Amino acid sequence: MQMRKAVRARVYKFDATGEISAGPDSLAGEEPLEIQLDGEQYTVTMRTAGHDVELIAGYLLSEAVVTSMDDIDEVNFSAGLAPDGSRNYNVAQVRLAPGIWNPETAPARNVYTSSSCGICGTAAADAVTKTSAFPLIPGAFHVEDHGEYEFPKLLSAARIGELPDRLRQTQEIFDKTGGVHAAALFAVGDDPNVEPELLVGREDVGRHNAVDKVIGWAMANRGLPLRQTVLQVSARASFELVQKCAMAGIPMMSAVSAPSAMAVDHGKDVGVTVIGFNRKGKFNAYSYPERVA
């Protein structure tokens, strides 16, 4: 069975007069991925096939299961079989390094995670918030009196305003289907006015999956934490995406749409600069605007 990022389909198009025309269209691929940890079923998530090892690594980091690629010994897809017996790569058997994960003490998860939600598979509310191995603010930091803490300048307002257009240039599947989210990671240097380097861009039907793929790529190619980076996403700024940034040590996340109240509150708690409504060179900073030059 071929894994497809985009699928051709026949579509019937209607106009305002009731005229009908038929023709081909491209749809975003969406398939389940079952993740097993050390022989135990951990979760099933809906995703667009491709870059699955990155997705798994980023996902396990966001769940506080691993903190680096060294914690993952092997990812094996040989168990994934379609009903006709062909290989479908929809089951990932993950073998972790000794002592990394204990299923008896780990927070419980519901089995299924949809493509629209990255945390709805978490079984208990108190298990939603994870503690990062790469804190962005000191442990004794208080949001109310953060004026005494000096945040490094990451990017100028002008450069931040350019990020959505640069992300858009990476969206090959979106160009074909219009049905996927995207995330891109940019490396910043010492001068916040210099154009940041695009490190990687990824697409997926799930916005959380796109971010996991980006973070998984960084885990394999750069290592963590990612303190000299900025994440740009095509969707809204949700709690789950802010938390993923915190888990990877990403200090700034920019979204083209609105943030949720919980995303902003969590950004303040964990030290992530949350930017929303980044469109046409203008944006709102909801937490830690001091990082904007």
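Okay, one bit of vocabulary before we start: when I say strand, I mean a DSSP run of E, at least two residues long, numbered from the N terminus. With that in hand, Arg 279 sits in strand S12, and we'll come back to that residue later. Keep in mind throughout that this is a predicted model.

So, the overall picture. We have 293 residues in the chain, and 51% of them are buried. The secondary structure adds up to six helices and 13 strands. If you take contacts with a separation of 6 or more, 56% of them are between residues 24 or more positions apart. And the accessible surface is about 13700 Å², with 50% of that belonging to carbon and sulfur atoms.

Let's go inside. In soluble globular proteins, nonpolar side chains tend to be buried together. Here the largest nonpolar core has 47 residues, and the ones with the most contacts inside it are Leu 37, Leu 60, Leu 96, Leu 185 and Leu 231. Which helix gives the most to this core? That's H4, residues 207-221, with seven residues. Apart from that core there's another one, of 13 residues, and Leu 154, Leu 155, Val 230 and Met 252 are among them.

I'd like to zoom in on Leu 96. You'll find Leu 96 in strand S6, which covers residues 91-96. Is Leu 96 buried or exposed? Its relative accessible area is 5%, and the cut-off for buried is under 20%, so Leu 96 counts as buried. Leaving out residues up to four places away in sequence, its contacts include Leu 37, Leu 60, Val 65, Val 66, Ile 72 and Trp 101. There are also aspartates on that list: Asp 38, Asp 71 and Asp 73. One distance, if you want to check it on screen: from the C-alpha of Leu 96 to the C-alpha of Val 75, 21 residues apart along the chain, is 8.9 Å.

Leu 60, one of those contacts of Leu 96, takes us to helix H1, residues 52-62. That helix is mostly covered, with ten of its eleven residues buried. The buried set isn't just the leucines and Ile 56; it also includes Asp 52, Glu 54 and Ser 62. Just after H1, look at Ala 64, which has a positive phi of about 65°.

Now out to the surface. Tyr 12, Phe 14 and Ile 20 make a nonpolar patch there, with about 370 Å² of accessible area together. Phe 14 belongs to strand S1, residues 6-14. Why do we call Phe 14 exposed? Because its relative accessible area is 58%, and exposed means over 50%.

Last stop, back to S12. UniProt, in an unreviewed entry, lists Phe 277, Asn 278, Arg 279, Lys 280, Gly 281 and Lys 282 under "binding site". Phe 277 is in S12, which runs over residues 273-279, and Arg 279 is in S12 as well. Phe 277 is partly exposed at 33% relative accessible area; Arg 279 is also partly exposed, at 45%.

What do they touch, not counting residues up to four places away in sequence? For Arg 279, it's Val 256 and Ser 257. Phe 277 touches Val 256 and Ser 257 too, along with Ala 255, Ala 258 and Pro 259. On top of that, Phe 277 has contacts with Lys 282, Phe 283, Asn 284 and Tyr 286. Of those, Lys 282 is itself on the UniProt list.

That's my tour, thanks.

Methods: Residues are numbered from 1 along each chain as its sequence is written. This is a predicted model: local features need pLDDT of at least 70, side-chain atom pairs count only at pLDDT 80 or more; totals for chains, interfaces and linings use all residues. Side-chain values use heavy atoms; hydrogens and water are left out. Patches are made of residues with over 30% relative accessible area and no salt bridge: like charges are joined within 9 Å, nonpolar side chains (Val, Leu, Ile, Met, Phe, Trp, Tyr) within 5 Å. Accessible areas come from the Shrake-Rupley method with a 1.4 Å probe; for residues, only the protein chains shown count as cover. A salt bridge is a side-chain nitrogen of Lys or Arg within 4 Å of a carboxyl oxygen of Asp or Glu. Helices (H or I, at least four residues) and strands (E, at least two) are DSSP runs, numbered from the N terminus. Buried means under 20% relative accessible area, exposed over 50%, partly exposed in between (1.4 Å probe, protein chains only). A nonpolar core is a set of buried Ala, Val, Leu, Ile, Met, Phe, Trp, Tyr and Cys residues joined through side-chain atoms within 4.5 Å. Contact means heavy atoms within 4.5 Å. UniProt positions are given in the numbering used here, feature names are shortened, and annotations may be inferred rather than shown by experiment.
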